[in-house]
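Take a look at the model below. The walk-through after it goes step by step, from the way the chains are divided to the sheets and then to the contact between chains.

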Amino acid sequence: MSANPLSPATQATLLLCSPLRAGRNKDVQPLSIGEFNELEKQLQRAGAGLEQLLEADTAPLLKKFPAAVDAEQVTALLGRGFMLSMAVETWQSAGVWVASRNESDYPERLLRLKQNAPPLIYGCGGKKLLSRGGLAIVGSRDVDAAGEEFTRRAAASAAREEMQVVSGGARGVDQLAMLAALEAGGTVVGVLADSLLRSATSGTAREAIQDGRLTLVSAFDPEAGFNVGNAMQRNKHIYALADFGLVVSSGYNEGGTWSGAIEQLEKLRLTPIFVRADDDVPEGNRQLLRRGALRFPSEPWPAALREMFAAADQKNPPPMETADLFALHEKPPEYRGGRR
Amino acid sequence: MGTPLQNRATELLRQSVGDPQATFRPGQLEAIEHLLERRSPLLVVQRTGWGKSNVYFIAAKLLREQQAGPTLIISPLLALMRNQIAAAARAGVRAVRVTSEETNRDDWGRIRDDLLADRVDVLLVSPERLGNEEFVRTMLRPVAARIGLLVVDEAHCISDWGHDFRPDYRRITRILQSLPPSVRVLATTATANDRVVADLQSQLGASLTVQRGKLARASLQLQNISLPGEITRLAWLAHTLPKLPGSGVIYTLTIRDARTVAAWLHENGIDAEPYWGGLDEESGQPGLRERLETRLLRNELKALVATTALGMGFDKPDLAFVIHYQLPGSVVHYYQQVGRAGRALPDAFAVLLGGGGDSDITDHFIETAFPSRELVERILARLDAASEGLTLGELQIKLNAPRGRLDHALKLLSLESPAPLLKLDNRWKRTVAPLAPAFWGRVERLTELRKREQTRMLEYLHARSCLMQFLARELDEHDAPPCGRCAVCRGEPLLAGQFPPTLAERAAQFLQRTHHPIRPRKLWPKDAFSAYQFTGKVSDSLRTETGRVLAIWGDAGWGELVRAGKYSAAARFDDRLVAAVVEMVREWNPRPQPAWVTCVPSLNHTTLVAEFAGRLARALTLPFHPVLRKVRATPPQKEMQNSFQQAHNLDGVFTVTPGVDFTRPVLLVDDMVDSGWTFAVCAALLRQAGSGPVFPVALAQTSKTDET
Ligand SMILES: [Zn+2]
């Protein structure tokens with residue numbers, strides 16, 4: 001129907017990849033990223049697009065695909081049209097938007113993740129902030145008092161210099177960083193692993209979103225509860241949406257902060273990773289430095305944090321193509337690839 | 001011979017109606033074929049009784065035979081679909097409906113099992129259900145993943161230009177708009193003018209196919225009669241009904257009128273029963289509505305005196321008359337309500353009684369259809385300040401607003417998109433969205449529309465040209481010729497507007513005798529009585545008995561006299577009121593019989609009620625003991641806007657000093673009753689101090705107009 005708020009490709013992606021309101025279905029399992037990538041590849045080969053999957057009879061098309069695509073599962077998922085519209089209605093009413101990987105409103109920075117780019121991203125608040133990059137501040141939940149203070153100061157300094165703060169919305173470092181940045185008048189992107197709907201309606205977040213200073217996003221169903229796997233995935237999305245990473249405190253060989261940082265340092269290399277390196281930092285911080293992370297200088301910090309990043313960055317050549325450090329608020333041209 | 005699809009459809013129709021020769025009505029088969037073979041959404045505008053249910057039940061069955069998922073029907077009129085569901089069952093269609101009144105939790109489990117096992121072909125739900133989290137999660141979820149056909153009944157509600165406003169259709173419209181093309185859509189309505197059809201087309205997309213039939217009117221004989229006031233209308237009804245052949249319906253605007261008219265007709269030896277939406281619950285007789293419908297269908301009743309709760313879907317081909325006790329809100333409503341009369345009869349009467357203050361009631365409906373700006377602003381401000389949201393109860397306490405109004409406002413606001421507030425785990429929370437200014441624009445537009453409809457209704461009442469033509473034109477059927485059957489075409493009344501004057505006198509007396517029950521309060525509001533420590537259920541040992549109130553404040557019966565007593569300089573209730581209460585108590589005959597009289601004390605008018613209660617006691621030859629004392633002044637109860645406030649305002653206010661006769665049953669007298677909390681508290685204190693059962697008696701009820 002013409003008034004449909006979603007494009008056919010987004011509708012198809014939702015049918016295939018979303019639980020369509022989490023926490024309540026035992027019926028049919030949505031496709032994993034891998035399965036969805038495979039289906040997209042097969043569609044491309046057949047010269048078809050996702051929108052063709054919305055047509056009346058998909059059986060002839062699906063029959064052409066190899067066994068890697070489970071035609072029965074795909075058919076069952078595509079049959080959830082009414083469920084889709086119910087879910088979309090609920091999200092729309094709550095002010096939650098959704099963008100799919102194949103549409104122009106999908107955040108470009110996430111495309112840096114290539115095949116790991118989440119097929120769907122849900123959000124609440126303006127999309128503009130998602131292209132502003134900034135400083136990702138991450139750390140474990142059980143951070144000590146020194147770490148807490150450091151987090152607040154780092155986030156506030158970034159905010160004062162108009163560097164956006166990107167964080168994960170979890171208790172501990174994440175929430176401290178986000179709050180401090182907002183209080184200092186900065187903008188913040190919160191990348192959640194669960195409960196987008198609930199977070200977006202809680203007091204502090206709601207006001208900041210209304211003011212256009214906070215955008216919450218999540219690659220997971222807006223009503224999804226906490227799940228370790230999703231939290232790990234989410235780390236990728238945080239770094240992808242930022243220009244630099246700052247690890248405040250990390251466990252050693254354990255926890256999401258550690259594995260997320262190691263993944264950046266050794267595999268994805270989307271952003272340079274800085275680590276708090278004072279005297280009594282956790283063991284994980286020290287080990288990250290040995291694995292190639294950059295030392296975040298001790299306080300007092302130079303007047304301009306941005307210049308300090310540039311300097312530190314030059315002393316420690318990043319493992320991948322460099323961002324243009326003097327154009328932090330623009331989309332780095334190198335990151336634009338990856339669109340199918 | 002037709003196509004295999006046509007043949008199978010006809011076969012199913014014949015099974016369903018139990019007639020091997022049955023054929024489809026014009027349009028029915030075309031609609032079924034459209035749904036099966038084409039994917040574009042279909043709007044069917046066909047008169048009541050055309051047989052929409054044949055279309056969607058047979059289409060649902062044919063889709064199942066093609067391995068498609070079940071059909072979901074969204075309709076506000078489920079209560080009256082019993083017959084259609086039974087007919088569908090004969091064609092092998094397994095249809096299940098989930099309504100709030102009839103489906104208890106045990107049934108939910110059974111229905112859910114059937115849904116999970118794919119044993120259901122058609123699920124029927126009300127629009128409100130779609131907004132109910134629990135229902136969606138437990139019941140709809142198992143089928144939602146496979147719905148093949150979505151049917152939306154009363155589709156004119158999708159349009160703001162329709163004659164009905166049902167807030168839940170806001171959600172349904174958005175669901176329809178975000179449906180992918182794989183789900184088939186059928187929208188149906190009995191009445192949609194050109195403007196509504198055009199609006200539906202813009203809302204649902206240009207691919208919407210519209211099928212539109214002619215209006216029904218063959219046997220209807222229309223007449224309007226001006227009879228100002230209740231007394232003359234009651235007299236006319238009692239005089240005229242026995243002369244009418246067959247059985248019919250008398251529509252009233254309020255439940256109170258339905259009760260009054262039915263009681264009056266009863267007294268005149270006419271078999272009439274009142275009927276309204278909440279009848280089963282309020283009468284404590286489950287299934288009463290259904291039994292009354294059946295009795296009317298079998299012509300065992302002369303008439304049902306009904307609110308619009310007896311609506312579309314009630315199918316009685318030999319309905320002989322429809323009489324409107326008051327002017328309905330719009331000509332379209334009127335057409336719909338009379339349109340179901342006499343389809344299988346050569347003659348049927350549709351009589352509209354009007355003139356006088358009917359508009360007061362429709363005005364009230366129009367004015368309360370939307371919340372005030374002030375209430376909305378206060379709600380939003382409260383929720384803005386509450387970072388984790390508020391429950392309805394908490395909001396009620398903070399806002400001192402009537403629960404019904406609050407509930408209504410929250411619902412309307414939560415149905416906006418984006419909505420400024422939403423309900424998460426029973427807490428109302430603000431979302432990031434502001435309330436769009438367009439909301440108030442819509443409110444104004446809808447209010448204006450309702451007022452125009454009201455004006456048109458008055459124009460119909462006084463129309464000097466063919467009445468049927470007037471109705472047809474209102475529905476954009478412009479080529480309708482004069483009917484030749486209505487009172488205007490004939491140039492003379494079909495039914496005389498006269499009645500014997502003695503009947504009017506009796507009707508006046510009857511109205512003075514119409515008493516209303518005062519029902520006991522059953523639950524102490526949470527935290528309202530910290531001083532008295534009343535919490536939880538009102539135990540049987542503290543509860544009042546059901547009492548009686550003489551009149552409705554300001555009503556035609558005793559209401560005026562009560563008002564005069566309360567506000568006159570003399571501050572004394574007339575002796576006629578004493579006599580009326582004595583008569584009421586005699587008729588009521590409460591058991592165990594009260595042995596003494598007491599009254600609710602007041603600090604403002606120390607003598608008004610006590611003096612009246614004393615006179616009443618003398619007239620009843622019972623002793624009067626003013627054992628209750630008010631120890632603290634309070635703001636008037638009528639300023640309290642909701643249950644919590646009304647109750648809390650009385651906490652710790654009264655004391656009791658037991659005396660002679662105390663342990664025997666007692667009449668507890670007050671002048672006004674509103675929420676009933678004053679009676680509840682006084683009775684609980686009396687009983688706590690060891691009194692006998694307490695029977696409340698009041699002169700007038702200051703109720704708001706009750707809803708249909
Ligand atoms: Zn006529």
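What follows is a short tour of this structure, which is a predicted model.

Start with the domains. Chain A is divided into domain 1 (8-93) and domain 2 (127-313). For chain B the assignment gives domain 1 (4-212), domain 2 (220-363 + 458-500), domain 3 (371-442) and domain 4 (515-701). Note that domain 2 of chain B is written as two segments. Its centre and the centre of domain 4 of chain B, taken over C-alpha atoms, are separated by 39 Å.

Stay with chain A for a moment. The centres of its domain 1 and domain 2, taken over C-alpha atoms, are 33 Å apart. How many residues are in contact between these domains? Domain 1 of chain A gives 7 residues, and domain 2 of chain A gives 4. Together they bury about 450 Å². Carbon and sulfur atoms give 50% of that area. The count of salt bridges across this interface is 0. The count of residue pairs in polar contact, both at pLDDT 80 or more, is also 0.

Now turn to the sheets of chain B. One is an open sheet of 7 strands, in the order β3-β4-β2-β5-β6-β1-β7, with parallel pairing. β3 (95-98) and β7 (209-212) of chain B stand at the edges. Each has a single partner strand, so one side of each is left without a neighbour in the sheet. On average, neighbouring strands of this sheet are turned by 15 degrees against each other, direction ignored. Helix α6 (residues 133-144) of chain B packs on the sheet. This helix touches β2 (71-74), β3 and β4 (122-125) of chain B. Its direction makes about 155 degrees with that of β4(B).

At the β7 edge, look at the pairing itself. Strand β1 (residues 42-45) of chain B is joined to β7(B) by 4 bridges, and the two run parallel. Within this pair, B:Val45 stands opposite B:Arg212.

A further open sheet in chain B has 6 strands. Their order is β8-β13-β12-β9-β11-β10, and the pairing is parallel. Which strands stand at the edges here? They are β8 (220-226) and β10 (272-275) of chain B. Each has a single partner strand, so one side of each lacks a neighbour in the sheet. The twist from one strand to the next averages 15 degrees. Helix α12 (residues 288-297) of chain B packs on this sheet, touching β9 (248-251), β10 and β11 (303-306) of chain B. The direction of α12 makes about 140 degrees with that of β10(B).

The β8 edge can be followed residue by residue. β8(B) pairs with strand β13 (residues 348-354) of chain B over 7 bridges, in the parallel sense. B:Gln223 stands opposite B:Val351 in β13(B).

Last comes the meeting of the chains. Here 41 residues of chain A are in contact with 46 residues of chain B. The two chains bury about 3,600 Å² between them. Of this, 58% is on carbon and sulfur atoms. There are 4 salt bridges between chain A and chain B. A:Glu89 forms a salt bridge with B:Arg171, with the closest N and O atoms 4.0 Å apart. Polar contact adds another view: 7 residue pairs across the interface, both at pLDDT 80 or more.

Which elements give two or more residues to the side of chain A that touches chain B? They are α4 (71-78), α5 (81-93), α8 (196-200) and α9 (203-210) of chain A. The largest share, 10 residues, comes from α5(A).

Terms used: Residues numbered from 1 in each chain as written. Chains lettered and ligands numbered in written order. Predicted model: local features only at pLDDT ≥ 70, side-chain atom pairs only at ≥ 80, totals over all residues. Heavy atoms only, no water. Pairing = 2+ DSSP bridges. Axes fitted to C-alpha atoms, helices over the stretch in contact; angles between N-to-C directions. Contact = heavy atoms within 4.5 Å. Domains from an automatic or database assignment. Buried area = accessible area lost by both parts, 1.4 Å probe. Salt bridge = Lys/Arg side-chain N within 4 Å of Asp/Glu carboxyl O. Polar contact = N/O pair within 3.5 Å; in protein donor to acceptor, adjacent residues only side chain to side chain.
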